[in-house]
2 protein chains.
Amino acid sequence: MKKDSRKKATIYDLSMLSGISPSTVSAVLNGTWRKRRIKESTADLIRDLAEKHQYTTNRQAQGLRSSRSGLVGLMLPVYDNRYFSSMAQTFEAHVRQRGQCPIVVSSSRDPREERETAENLISYSIDELFICGATDPDGVHQVCEAAGLKHINIDLPGTKAHSVISDNYEGGRTLTEAIIHHFPADDPLVPDELFLFGGRNDHASRERIRGFRDVKRALLGADPEASIQPTGYSPNTARIAFETFFEKAGRLPRALFINSSINFEGLLRFMSAHPHETFADLVVGCYDYDPFGSFLPFPVIMMRQDVEGMITKAFELIEETRTPPKIHLIRPDLVPPRTALTGPLDGLKDIV
Amino acid sequence: MKKDSRKKATIYDLSMLSGISPSTVSAVLNGTWRKRRIKESTADLIRDLAEKHQYTTNRQAQGLRSSRSGLVGLMLPVYDNRYFSSMAQTFEAHVRQRGQCPIVVSSSRDPREERETAENLISYSIDELFICGATDPDGVHQVCEAAGLKHINIDLPGTKAHSVISDNYEGGRTLTEAIIHHFPADDPLVPDELFLFGGRNDHASRERIRGFRDVKRALLGADPEASIQPTGYSPNTARIAFETFFEKAGRLPRALFINSSINFEGLLRFMSAHPHETFADLVVGCYDYDPFGSFLPFPVIMMRQDVEGMITKAFELIEETRTPPKIHLIRPDLVPPRTALTGPLDGLKDIV
DNA sequence: CTTTTTTGCACAATCGATGGTGCAATTAAT
DNA sequence: ATTAATTGCACCATCGATTGTGCAAAAAAG
């Protein structure tokens, strides 16, 4: 009876089997059947049949017709660190809860690749795009705008669409204060013992640096220009910066403000080439949270960005296209050294 | 002239504008035009027009017609740890290189959710599915099989399709040996000072445990049953196991074989509740690599699973459906303490 | 027992791209 | 100058679901 069981059943198959027209089958299965005044009994019949034949709707056909795919895109710079991977995890949970399907891609912080990635996603008729940590959010905006695609910026702000980002200035202040206060009153930090490494000339780095400087000036009385060492977002350039500093100064600073966990990995690389004693009295503040990072042999104070809060806010705002673009700040949390926070993993059932 | 510029141009638009038939336009733009004996000049004309109007093909329509979407799926248990996030990163790179689009989803180690996730991906007519770390790979296989979808298991093996997994037995042996050899000859480890925590009753855990026991018996002469403490793959159950042990024994074992970085996070949670001295002479081996984990205050020996190797092998094998299902083992690498390996992040350009 | 209203569903066009088929016009062969 | 072969492209059905429209049959109103 059934044709090749390898081919999925379609509404036409169900139509043939039941003698009911394809349009009615469709209406029943997509829930619009009441509006179309289909008899309850007819609906039941079709639903049974659909179940029996394991019918699932072909989303390509559905999407073609309705020009909505049920796909929601998230564009990330990279997957492979705790900040972005928890972003992906949280995003996915939200999307699936709305009955849609997440499609997460990375674009390597390259403006051209960002635009091409967006184009590519658009060719799949995605319904919405979350642009996270883009180097050129406004470039991506143009592409989305041209296709009439709803979109929102996360992590790094743009000027053409709403943005939801970490409160980098306040976060930078808080972290800097925590670093300074970590030193005892009888042996306090002095201005040229506290350096900021990492980041580049983007909104997040600028704001964090501004917070860093403001607090440094206020609490330590001075803020030498040289205490800011932007390195880009790469472990390797950060490593080189640490090496260079170390060779010049003969030691690391007593205290480091590291701009991201990616840059922190640069410190790890530096560490692997130097004996443990090099870090005996080091204090690190890192703008990102990584559970293992929190337990290194020296005190590591971390800022956990509120990923859940950012994603939630972004979902609220993505519908909002009437009001002029605005930047929404989400406060990050200070995480003291040796702290293991719970995360998305804790949502899973504990099966042994 | 142009209609709503918010709507993407279609082959019909280009057809109207050029006076050339849609089928010819299509042939030119999808590359089959030589086979269809289209004049070079006609092709040029259409390509110019396509460029001018920023034409991109509608993948839904294309997919509907050809029943191939260009989407390649990866199903993960979770995103949020370095092993799986590097899996996602590596997978994406391979897929994009083949001109396809990655679609990564997580399924929480829940057999039902795994099958439903697969169904959902299938409804998007994905071309291939990589099933990574699935609790019930054979269940997912059934779903794929019914839809005629090519698929392959990674990380945890199934019996119905090819599997590419870490060489858990050899890895387990190597790691156990490394732990034991980390202790000096004048104060060697004794059998009941080395415990294995984490994992559950899955293929990976069983093989690692087998390697652990074999080496332990060979090098230490005995292997008490109690030295294996499966906890499932959750930070919290692992934490509880450490707490329980600690309360009973008054201390942690001198050496730990931890089954995964997720379980290692359970140790972090335990650590946050105990003073630093508790871990003064601890040696840890962890079956997974995390750069920050490698630099904890005690020696941490890690096994890095060869994600790149596994993904590469999986892409080779997924085409191979004639031969009976086989398990392909990929050797992991031993990573000594205080080692910062490079990873996918290093592929990015270093922009400051 | 008509006329009007409501119910229940079928028909057919549509979304955009693809590929088999057919048919002029051009070129080559005889 | 015919016939045969080749070139260049148009036509049309198709993939599967959606939706506006139309039309019988059943029910309600008169």
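Helix 2 and helix 4 of chain A, together with helix 1 (11-18), helix 2 and helix 4 of chain B, each supply at least two residues of the surface near DNA strand C. Helices (H or I, at least four residues) and strands (E, at least two) are DSSP runs, numbered from the N terminus. A residue is near a strand if one of its heavy atoms lies within 4 Å of it.

This is a predicted model, in which local features need pLDDT of at least 70, side-chain atom pairs count only at pLDDT 80 or more, and totals for chains, interfaces and linings use all residues. Residues are numbered from 1 along each chain as its sequence is written, chains are lettered from A and ligands numbered from 1 in the order in which they are written, and side-chain values use heavy atoms, with hydrogens and water left out.

Stay with strand C. DNA strand C has 25 residues around it, and Lys39(A), Thr42(A), Ile11(B), Tyr55(B) and Arg65(B) come nearest. Of the strand C atoms that come within 4 Å of the protein, sugar and phosphate account for 45%. The surface near DNA strand C has seven nonpolar, 12 polar and six charged residues. Here Ala, Val, Leu, Ile, Met, Phe, Trp, Tyr, Cys and Pro count as nonpolar, Asp, Glu, Lys and Arg as charged, and the others, Gly among them, as polar.

Now the atom pairs. A polar contact is a pair of N or O atoms within 3.5 Å; within protein, one must be able to donate a hydrogen and the other to accept it, and residues adjacent in sequence count only if both atoms are side-chain atoms. The side chain of Thr42(A) places an N or O atom 2.6 Å from a phosphate oxygen of DNA strand C. Arg36(B) has a polar side-chain atom 2.6 Å from a base nitrogen of that strand. Asn58(B) uses a polar backbone atom, 3.3 Å from a phosphate oxygen of DNA strand C.

Turn to strand D. It is surrounded by 25 residues, and the closest are Tyr55(A), Gln62(A), Arg65(A), Lys39(B) and Thr42(B). Sugar or phosphate holds 46% of the DNA strand D atoms within 4 Å of the protein; the rest belong to bases. Tyr12(A) has a polar side-chain atom 2.7 Å from a base nitrogen of DNA strand D. A polar side-chain atom of Arg37(B) lies 2.9 Å from a base oxygen of this strand.

How are the two chains related? A turn of 180 degrees and a shift of 0.0 Å along the axis lay chain A on chain B with an RMSD of 0.0 Å. That is the relation of a two-fold axis. Copies are superposed by least squares on the C-alpha atoms of residues with pLDDT of at least 70 in both.

Helix 4 of chain A also faces protein. Its buried residues (under 20% relative accessible area, 1.4 Å probe, protein chains only) are Arg59(A), Gln60(A) and Gly63(A). They fall within an arc of 100 degrees seen down the helix axis, so they line one face of the helix. The arc is that of the directions from the helix axis to the C-beta atoms. These buried residues pack against helix 4 and helix 6 (111-123) of chain B. Contact means heavy atoms within 4.5 Å. At the start of helix 4 of chain A, a side-chain oxygen of Asn58(A) comes within 2.8 Å of the backbone nitrogen of Gln60(A).

Conventions:
Buried means under 20% relative accessible area, exposed over 50%, partly exposed in between (1.4 Å probe, protein chains only).
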